[in-house]
Amino acid sequence: MDVATLLEQTADRLRGVTDTPDLDAQVLLAHLMGKARTWLAAHPETPLSDLQLASVEEAVSKLMDGAPLPYILGHWEFFGLDFKITPDVLIPRPETELLVEQATLWLQSRPTTAHSALRAADVGTGSGCIAVSLAKQIGDLRVLATDLSLPALKVARHNAIHHGVASRVDFVQCDLLPPHPYPLPTESHFDVICANLPYIPSTTLERLPVYGREPTLALNGGGDGLDPIRQLLKIAPEWLAPNGLILLEIEAGQGVAAVSLAYDAFDHATINLRRDLAGKERLVAIRL
């Protein structure tokens with residue numbers, strides 16, 4: 001069987017199983033062959049070995065059983081970088097890139113001196129996609145990356161090493177932020193605190209296709225989906241530097257409630273609700 005035939009058959013099998021069957025078939029085959037998708041398009045007549053056909057069959061069977069494609073591939077792209085992904089971490093979403101973009105712009109606008117490095121916190125780091133992306137964008141940035149899950153932190157550390165920023169990212173296993181003050185090179189205050197915390201209401205999560213396929217710890221936001229954000233806002237003021245910024249990713253439709261919580265935590269802050277490219281409420285920005 002050649003590349004073109006296998007791509008067509010695989011896409012047909014995935015219709016109704018994934019949202020983008022043609023693309024998923026291309027990505028899967030390119031990964032298993034160790035080639036770029038453009039190579040597949042340029043070599044449609046290339047025959048596949050029995051081993052390659054067996055590998056594709058195994059991967060397609062997993063997809064049809066509900067396994068997410070990034071977990072099968074073992075990696076996924078975020079903010080132009082390739083990240084190792086395992087079932088211990090949430091799959092990076094394109095909408096989270098808005099948070100990285102906003103944090104990067106803010107950090108680039110901050111005045112720095114030789115004695116005052118920029119500092120950021122990534123609360124609930126998961127794969128480390130936010131922390132690593134920020135460290136890659138801002139050359140003198142020091143990042144504290146926290147997570148309750150030790151397996152997730154191991155994945156995040158791997159990604160930091162892979163992208164050459166491990167010396168500027170400190171990984172700490174804790175719930176939200178460590179006991180304050182914490183003796184790390186990041187000192188005690190952060191120019192920006194980023195958090196893509198679990199924000200799906202418990203009862204809603206149980207009805208979603210993602211339930212049981214990605215780590216519940218990274219998805220379950222409690223009764224109204226805002227419990228982790230509520231807890232973070234209680235302790236965030238003591239961690240934020242003067243004129244600092246907090247960026248919180250939220251679920252579409254949580255904007256009013258999340259902004260209300262932010263006003264309760266900060267009396268004299270500028271609080272904005274920002275939308276993603278699809279026009280959905282996606283980010284609460286709290287600026288002192």
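Which residue forms a salt bridge with K62? The close-ups below start from that pair and then visit other corners of this predicted model.

**View 1. K62 and its salt-bridge partner on helix α4.** The partner is E58, and the closest N and O atoms of the two residues are 3.8 Å apart. Both residues belong to helix α4 (residues 50-64), where they sit 4 residues apart and so are separated by about one helical turn. K62 is partly exposed, at 41% relative accessible area. E58 is partly exposed too, with a value of 49%.

**View 2. D12, R15 and D22 in a network of salt bridges.** Here three residues, D12, R15 and D22, are linked through salt bridges. Within this group, R15 pairs with D12, their closest N and O atoms lying 3.2 Å apart. The relative accessible area of R15 is 43%, which makes this residue partly exposed. D12 is partly exposed as well, with 42%. If you would like the wider tally, the structure holds 11 salt bridges.

**View 3. A salt bridge between strands β4 and β5.** In this close-up, R142 forms a salt bridge with D170, and 3.1 Å separates the closest N and O atoms. The pair links distant parts of the chain: R142 is in strand β4 (residues 142-147) and D170 is in strand β5 (residues 169-173), with their positions 28 residues apart in the numbering. Is D170 buried or exposed? D170 is buried, with a relative accessible area of 11%.

**View 4. Cysteines C129 and C194, without a disulfide.** Have a look at the two sulfur atoms in this view. For C129, the closest cysteine sulfur is that of C194, 11 Å away, which is too far for a bond. Seen from C194, the closest cysteine sulfur is in C129, again at 11 Å and too far for a bond. A disulfide is a covalent bond between the sulfur atoms of two cysteines. A pair counts as a disulfide here if the sulfur atoms are within 2.5 Å. A search of the whole structure finds 0 disulfides. Both side chains belong to buried residues: C129 has 7% relative accessibility, and C194 has a relative accessible area of 0%.

**View 5. R213 in the loop between α9 and α10.** This arginine is placed in the loop between α9 (202-205) and α10 (227-235). R213 counts as partly exposed, at 41% relative accessibility. Which residues does R213 contact, leaving aside its neighbours within four places in sequence? They are G66, P68 and Y71. A polar atom of the R213 side chain lies 3.3 Å from the backbone oxygen of G66. The R213 side chain also reaches the backbone oxygen of P209, at 3.4 Å. For another landmark, pick out I91: its C-alpha atom is 10 Å from that of R213, although the two residues are 122 residues apart along the chain.

**View 6. V192 in the largest nonpolar core.** In soluble globular proteins, nonpolar side chains tend to be buried together. The largest nonpolar core of this model has 40 residues, and those touching the most other members are L134, L141, V169, V192 and L247. Centre your view on V192 to find its contacts beyond four places in sequence, among them A103, W106, L107, L245 and L247. R119, A120 and A121 also touch V192. A second, separate core has 30 residues, including V172, F190, L240 and A269.

**View 7. T125 in the loop between β3 and α7.** The loop that holds T125 runs between β3 (119-123) and α7 (129-137). T125 is buried, with 5% relative accessible area. What does T125 touch, not counting residues up to four places away in sequence? Its contacts are A131, A145, T146, D147, L153 and A156.

**View 8. The hairpin formed by β8 and β9.** Strand β8 (residues 270-275) and strand β9 (residues 281-287) run antiparallel and are joined by 6 bridges. To get your bearings in this pair, start at T270, which stands opposite R287 in β9. The two strands form a hairpin with 5 residues between them. In the turn you will find G279, whose phi is positive, at about 80°.

Conventions: Residues numbered from 1 in each chain as written. Predicted model: local features only at pLDDT ≥ 70, side-chain atom pairs only at ≥ 80, totals over all residues. Heavy atoms only, no water. Buried < 20%, exposed > 50% of the residue type's maximum accessible area, 1.4 Å probe, protein only. Salt bridge = Lys/Arg side-chain N within 4 Å of Asp/Glu carboxyl O. Contact = heavy atoms within 4.5 Å. Polar contact = N/O pair within 3.5 Å; in protein donor to acceptor, adjacent residues only side chain to side chain. Core = buried A, V, L, I, M, F, W, Y, C linked by side-chain atoms within 4.5 Å. Pairing = 2+ DSSP bridges.
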